[in-house]
Amino acid sequence: MFFFFYNLLLIIAALLFIPIILIALAVTPKFRAGFFTKLGFYRLSLEKKHTIFFHAVSVGEVNAVESLIKRTREEFPDSNIVLSTTTKTGQDIAHKKLSTVVDAITYFPFDFFFSVQAFLNSVRPDVILIAETEIWPEFVYLSKKRGIPVYIVNGRISPHSYEGYKKFSFFFKPVLAQYKGILMQTEGDAQRLINVGANPDITKVMGNLKFDITADKNDDKILNLKNEMCLENSRLIIAASTHKGEDEIILDVFSKLKNEFQDIKLLIAPRHPERYKQVEELVVNTGFACGRRSNSDNFAVDDVIMLDTMGELMRFFSVCYLAFIGGSFSKTGGHNPLEANIWNKPVVSGDCIFNFKDIYSYLTKTKAAKLSSNADELYNDMKKLLEDKEFYKVACSDAALIFEKNRGAVDYVINTLKE
């Protein structure tokens, strides 16, 4: 009865918002991306054999499950592997990184019963793994009704989000009861979800898949990228996944540091593509010429280059000296610092990092990461890494040790699949 009324309310809400939906379809390209597929028009051609389905909502989740999916292919070579995302950027990165590993990449359905049924009929999954804490009531209900086990993997629920979830525990409890297994990143995440209504018997701690990411540490590839970007005698600072308001901060700090360290360069990577033009104007107004990666610009000419291509940020971390991780001065909650740490590079960020609080709790006990409360602290923290060679060396070493101590989440999920 719960799921009947949920579906009814969802359909009523969709009908009421039809005018807004039509306007969004007309004026917002990213809203149009995959819209009719999500509605239920799936056209997948899969062999009729055992199928493992992964869902990763967007770029961060795709990056997190990349190693798990590759390992799943090794362990289950005779199974279909299907990956879905919700966003267009998630689709782009999935195709770039995993198109040769999986059998199909598609969009996750809207949570209408007809959309979910169409998806399940097309994919015919035998097991479903949903990355992080994506909770779609009708999807998990209809999957369980068909006898398909559904798992949350790499689940997390921040203390910030927990307060909201807790208020609606009456809603989440019957939904969480539909899962076969709920595999969370930490004890804190597990306990918070149990408090929301998850069954303690199926809620386990698996660790964090982000510590199982791997990097292609090929010296020739790294050297080629350095040469391509003309970085032979320069130290590169990356400002990764910046949001509105953060570009001004990082450009101001970089400008001050440039007066003291003539050899530094800046690669700025805005989180959202629609901001590229705005960020380019900010760079020019700061007094720097702004190159673009899409134009094959390099640091022989420009001190600042904007990374406006998809799927290359991880590569550029291999040639950076240090990285600023955005979303941390914008009240967004931060982004994943480990994508830079995996290259043994230290990171700095603002102190609003509630989305990655547990990861930063590991990092900031060492010199692998530093949280800055404001622009002045950010300047001082970057300056310390640039001028103190011994401090920098220890920070790089600490970044490497973090991964050695915290790997194992991929093995946990693979063993669960085998069982």
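Four helices each supply at least two residues of the lining of the second largest pocket: α5 (59-75), α6 (88-98), α12 (219-228) and α15 (313-317). The model is a predicted one. Among these helices, α5 gives the largest share of the lining, with six residues. In total, 22 residues line this pocket. To find its middle, look for E66, T214, A215, D216 and M314, which lie nearest the centre. The space inside comes to about 610 Å³. What kinds of residue form the lining of the second largest pocket? Charged residues number 11, nonpolar residues six and polar residues five.

Now turn from the pocket to the cavities. A search of the whole structure finds two of them at 30 Å³ or more.

Start with the largest cavity. It holds about 100 Å³ of space. Its lining is made of 15 residues. R156, Q185, N355, F356 and D358 lie nearest the centre of this cavity. Two helices, α11 (187-196) and α17 (357-363), each supply at least two lining residues. Helix α17 gives the most, with three. By class, the lining of the largest cavity has six charged, five nonpolar and four polar residues.

The second largest cavity comes next. Its volume is about 30 Å³. Which residues line it? They are L129, Y151, V153, L183, V413, T416 and L417. Strand β5 (150-155) and helix α20 (409-418) each supply at least two of the lining residues. The largest share comes from α20, which gives three. Six residues of this lining are nonpolar and one is polar. No charged residue takes part.

Finally, move to the surface and to the start of the chain. Here M1, F4, F5, L8, L9, I12, L16, F17 and I20 make a nonpolar patch of about 1,000 Å². Which helix gives the most to the patch? Helix α1 (residues 2-16) does, with six residues. L16 is one of the patch residues, and L16 is found in helix α1. Is L16 buried or exposed? The cut-off for exposed is over 50% relative accessible area. L16 has a relative accessible area of 64%, so L16 counts as exposed.

Go back over the sites in the model. The second largest pocket has 11 charged residues in its lining. The largest cavity has six charged residues in its lining. The second largest cavity has none. At the surface, residues such as F4, F5 and L8 belong to the nonpolar patch.

Terms used:
Residues are numbered from 1 along each chain as its sequence is written. This is a predicted model: local features need pLDDT of at least 70, side-chain atom pairs count only at pLDDT 80 or more; totals for chains, interfaces and linings use all residues. Side-chain values use heavy atoms; hydrogens and water are left out. Patches are made of residues with over 30% relative accessible area and no salt bridge: like charges are joined within 9 Å, nonpolar side chains (Val, Leu, Ile, Met, Phe, Trp, Tyr) within 5 Å. Accessible areas come from the Shrake-Rupley method with a 1.4 Å probe; for residues, only the protein chains shown count as cover. A salt bridge is a side-chain nitrogen of Lys or Arg within 4 Å of a carboxyl oxygen of Asp or Glu. Buried means under 20% relative accessible area, exposed over 50%, partly exposed in between (1.4 Å probe, protein chains only). On a 1 Å grid over the protein atoms alone, a cavity is a set of points where a 1.4 Å probe fits but cannot get out, and a pocket is an open set with protein on both sides within 12 Å along at least five of seven lines; lining residues have an atom within 4 Å of a point. Grid points are joined across faces, edges and corners, and a volume is the space filled by probe spheres set on the points. Ala, Val, Leu, Ile, Met, Phe, Trp, Tyr, Cys and Pro count as nonpolar, Asp, Glu, Lys and Arg as charged, and the others, Gly among them, as polar.
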